[in-house]
Amino acid sequence: MTDLMMLVTHFGATVLLAPFSLLVAAWLWRAVGWREALLWCGCVAGVGIVTGLAKIYLQLCGLHLHGVHSPSGHTAFSAIAYGGFTVIAMSGSRSLRANLFRVGIALWVLLIGYSRVVVEAHSPNEVIVGLVIGGASVAVFAALYRGRVRPPYLLAGSILLAVALVALLVIPDQVFTLENWLHRIAHQLVPYRGSLCPAPPVTAA
């Protein structure tokens with residue numbers, strides 16, 4: 001079970017979803033329009049910025065808010081990458097096939113989130129926060145997206161699978177996370193902890 005979840009969790013890795021997101025952006029720019037491409041880039045970047053800043057802040061200040069010390073980036077990125085692509089691929093369709101595709105993608109994102117708990121990378125609450133961040137970005141993208149041209153999503157799925165296989169077979173596990181870079185940034189900010197972090201509560205004598 002753990003080995004299977006380890007495989008599943010890689011499908012939420014930045015090294016996989018970043019190039020996939022860039023391919024989607026390039027297709028949007030070429031086939032739909034520059035506004036939709038920039039909207040996509042903004043929503044994807046927004047997830048990365050919000051998640052990254054939350055991770056840095058919580059680590060810097062040593063905070064554990066309701067069991068959340070590091071929001072799940074895999075879950076957040078999966079939500080916007082897979083969920084946002086579903087908005088594009090099924091834009092305007094209310095068919096049974098489209099709805100089943102949406103449900104399948106939602107379950108896939110939830111499975112990636114669940115895998116983060118199984119492999120002990122995150123707590124359930126950290127996965128939930130990741131889902132909220134990614135889900136909010138998907139909601140914004142879906143509300144503002146106006147494209148009606150559908151991409152060859154079978155081809156896109158094949159590309160995603162190919163990238164995943166290359167990532168799994170060629171790239172070592174250490175590259176699948178940006179956590180080390182975020183840790184370094186938090187460490188560089190330690191001298192400013194007093195002004196950035198909330199003061200500890202004063203206990204009565």
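Reader: What makes Trp29, Trp34 and Leu38 a nonpolar patch on the surface?

Author: In this predicted model, Trp29, Trp34 and Leu38 together offer about 370 Å² of accessible area. Residues join such a patch because they have over 30% relative accessible area and no salt bridge, and because their nonpolar side chains lie within 5 Å. Tryptophan 29, with a relative accessibility of 53%, is therefore over that cut-off of 30%.

Reader: Why is tryptophan 29 called exposed, and where does tryptophan 29 lie?

Author: Tryptophan 29 lies in helix H2. The word exposed is used for a relative accessible area over 50%, and tryptophan 29 has 53%, so it counts as exposed.

Reader: How do you know that the buried residues of H2 line one face of the helix?

Author: The buried residues of H2 are Leu16, Leu17, Phe20, Ser21, Val24, Ala25 and Leu28. Seen down the axis of H2, these buried residues fall within an arc of 160 degrees, so they line one face of the helix. An α-helix has 3.6 residues a turn, so residues three or four places apart point the same way. On the other side of H2, the exposed residues are Leu22, Trp29 and Arg30.

Reader: How does the reach of H2 compare with the span expected of a helix with 18 residues?

Author: From its first C-alpha to its last, H2 (residues 14-31) reaches 25 Å, which is close to the 26 Å expected at 1.5 Å a residue. Just after H2 comes glycine 33, with a positive phi of about 155 degrees.

Reader: Which residues of H5 are buried, and what covers them?

Author: In H5, the buried residues are Ala98, Ile105, Val109, Ile112, Gly113, Ser115 and Arg116, and their cover includes helix H1 (2-10), helix H4 (73-89) and H6. H5 has 23 residues and reaches 32 Å from its first C-alpha to its last, close to the 33 Å expected at 1.5 Å a residue.

Reader: Why is valine 8 called buried, and what does valine 8 touch?

Author: Valine 8 lies in helix H1, and its relative accessibility is 6%, which is under the cut-off of 20%, so valine 8 counts as buried. If residues up to four places away in sequence are not counted, valine 8 touches Trp108, Leu111, Ile112 and Ser115. Valine 8 and valine 109 are 101 residues apart along the chain, and their C-alpha atoms are separated by 9.9 Å.

Reader: What is noted about the phi of glutamate 120, and is glutamate 120 buried or exposed?

Author: Phi of glutamate 120 is near 65 degrees, which is a positive value in a residue other than glycine. Glutamate 120 lies in the loop between helix H5 (96-118) and helix H6 (124-144), and its relative accessible area of 72% is over the cut-off of 50%, so glutamate 120 is exposed.

Reader: Why is isoleucine 128 called partly exposed?

Author: Isoleucine 128, whose place is in helix H6, has a relative accessible area of 47%, and because partly exposed covers values between 20% and 50%, that is the term for isoleucine 128. The C-alpha atoms of isoleucine 128 and tyrosine 114 are 9.8 Å apart in space, while the two residues are 14 residues apart in sequence.

Reader: How do you know that serine 91, in the loop between H4 and H5, counts as buried?

Author: The relative accessibility of serine 91 is 8%, which is under 20%, so serine 91 counts as buried. Leaving aside neighbours within four places in sequence, serine 91 is in contact with Thr86, Tyr145, Gly147, Arg148 and Arg150. The C-alpha atoms of serine 91 and arginine 148 are separated by 5.9 Å, although the two are 57 residues apart along the chain.

Reader: What makes leucine 182 buried, and which residues does leucine 182 touch?

Author: Leucine 182 is placed in helix H8 (residues 179-188), and its relative accessible area of 16% is under 20%, so leucine 182 is buried. Not counting residues up to four places away in sequence, leucine 182 touches Gly52, Lys55, Ile56 and Gln59. Leucine 182 and leucine 53 are 129 residues apart along the chain, with 8.7 Å between their C-alpha atoms.

Reader: How many helices and strands are there in the protein, and what share of its residues counts as buried?

Author: The protein has nine helices and zero strands, and 39% of its 205 residues count as buried. Among contacts with a separation of 6 or more, 80% are between residues 24 or more positions apart.

Conventions: Residues numbered from 1 in each chain as written. Predicted model: local features only at pLDDT ≥ 70, side-chain atom pairs only at ≥ 80, totals over all residues. Heavy atoms only, no water. Helix = DSSP H or I, 4+ residues; strand = E, 2+ residues; numbered from the N terminus. Expected span 1.5 Å × (residues − 1). Buried < 20%, exposed > 50% of the residue type's maximum accessible area, 1.4 Å probe, protein only. Arc of directions from axis to C-beta. Contact = heavy atoms within 4.5 Å. Patch = residues over 30% accessible without salt bridge, like charges linked within 9 Å, V, L, I, M, F, W, Y side chains within 5 Å. Areas by Shrake-Rupley, 256 points an atom, 1.4 Å probe, with all protein chains shown as cover. Salt bridge = Lys/Arg side-chain N within 4 Å of Asp/Glu carboxyl O.
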